[in-house]
Amino acid sequence: MAEAGPPHLLINNAGIARGKYFWEHAHDLDIELIMRINALAPMHITRAFLPAMLESPDDRRIVNIASAGGLVSNPRMSVYSSSKWAVVGWSDSLRLELEKTGNGRIKTTTVCPNYISTGMFKGVGKILLTRLLTPEEVTNTVWTAMKAGKPYVIMPWTTQLGKALKGVLPVRAWDFLADRVFGIYNTMDSFVGRKEPQMPTAVSGQRTAR
């Protein structure tokens with residue numbers, strides 16, 4: 001980084017998901033791993049690059065990929081949703097800190113998409129009036145918003161609607177709509193996800209370094 005200078009654009013995009021009830025999550029392989037990758041990694045990476053970005057007088061951008069799961073709760077997504085709620089809260093708080101300290105030239109964009117057809121959420125159920133987003137349309141929308149310095153990208157429009165309804169309706173009324181009308185609470189019932197690569201195993205009697 002010293003040779004290239006501070007980045008003009010930093011995108012925090014890595015993430016993993018588990019489709020389990022909370023009590024089925026393992027401590028290390030699920031809870032700790034999800035929180036480290038989804039929530040803590042963006043903070044540590046941004047912390048590493050931000051001081052140099054602050055020293056530059058030029059406009060800079062930080063894009064943090066959260067999720068619709070960070071706005072609306074969902075069964076079988078308790079740990080994943082909590083990790084994305086953390087990203088939403090941290091990313092928007094960082095935006096406010098930058099603005100209030102006179103560093104508004106560095107703008108953050110918090111991205112909250114619904115399910116994307118990348119394979120990460122293979123098998124998810126349908127939500128009323130909501131289709132799977134494509135990586136291309138999300139990329140194009142986020143790129144345009146990032147250049148404009150928009151604080152949020154929430155897509156598609158039904159995700160924005162869900163966020164608004166959850167904020168104004170009584171809990172049980174929203175639960176009824178999310179479960180019985182929109183179908184949100186059932187989307188993870190048939191979740192398969194992307195198959196994770198297997199760890200290397202011993203070959204010809206030699207142990208693989210780990």
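At 68% relative accessibility, Trp23 lies over the 50% cut-off and therefore counts as exposed. This value, like the others reported here, comes from a predicted model. The ring of Trp23 pairs with that of Tyr21. Tyr21 has a relative accessibility of 31% and so counts as partly exposed, a class that lies between the buried limit of under 20% and the exposed limit of over 50%.

The geometry of such contacts can be stated briefly. Two aromatic rings that pair are described by how far apart their centres are and by the angle of their planes. In the chain, five aromatic pairs were counted. The pair of Tyr21 and Trp23 is stacked, with 5.1 Å from centre to centre and 10° between the planes. The pair of Tyr115 and Phe121 is tilted, because the ring planes stand at 55°, with the centres 5.1 Å apart; an angle under 30 degrees would count as stacked and one over 60 as edge-to-face.

Both members of the tilted pair are covered by the protein. Tyr115 has a relative accessible area of 9% and is therefore buried, and Phe121, at 11%, is buried as well. Tyr115 and Phe121 also belong to a cluster, in which ring pairs link them with Tyr80 and Phe191.

A further aromatic residue, Trp157, is found in helix α4. Its relative accessibility is 52%, so Trp157 counts as exposed. Trp157 takes part in a nonpolar surface patch of about 590 Å². The other residues of this patch are Leu128, Leu129, Leu161, Phe176 and Val181. Two helices, α4 (residues 157-168) and α5 (residues 171-181), each contribute at least two residues to the patch.

These features are set within the following overall arrangement. The chain holds five helices and four strands. Read from the N terminus, the order of the elements is β-α-β-α-β-α-β-α-α. Along the principal axes, the C-alpha atoms fill a box of roughly 60 × 50 × 30 Å.

Of the 210 residues in the chain, 40% count as buried. The exposed area of the chain is about 12,400 Å², and 59% of that area is supplied by carbon and sulfur atoms. Among contacts with a sequence separation of 6 or more, 66% are made by residues 24 or more positions apart.

Notes. Residues numbered from 1 in each chain as written. Predicted model: local features only at pLDDT ≥ 70, side-chain atom pairs only at ≥ 80, totals over all residues. Heavy atoms only, no water. Patch = residues over 30% accessible without salt bridge, like charges linked within 9 Å, V, L, I, M, F, W, Y side chains within 5 Å. Areas by Shrake-Rupley, 256 points an atom, 1.4 Å probe, with all protein chains shown as cover. Salt bridge = Lys/Arg side-chain N within 4 Å of Asp/Glu carboxyl O. Buried < 20%, exposed > 50% of the residue type's maximum accessible area, 1.4 Å probe, protein only. Phe/Tyr/Trp six-rings, centres within 6.5 Å; stacked < 30°, edge-to-face > 60°. Contact = heavy atoms within 4.5 Å.
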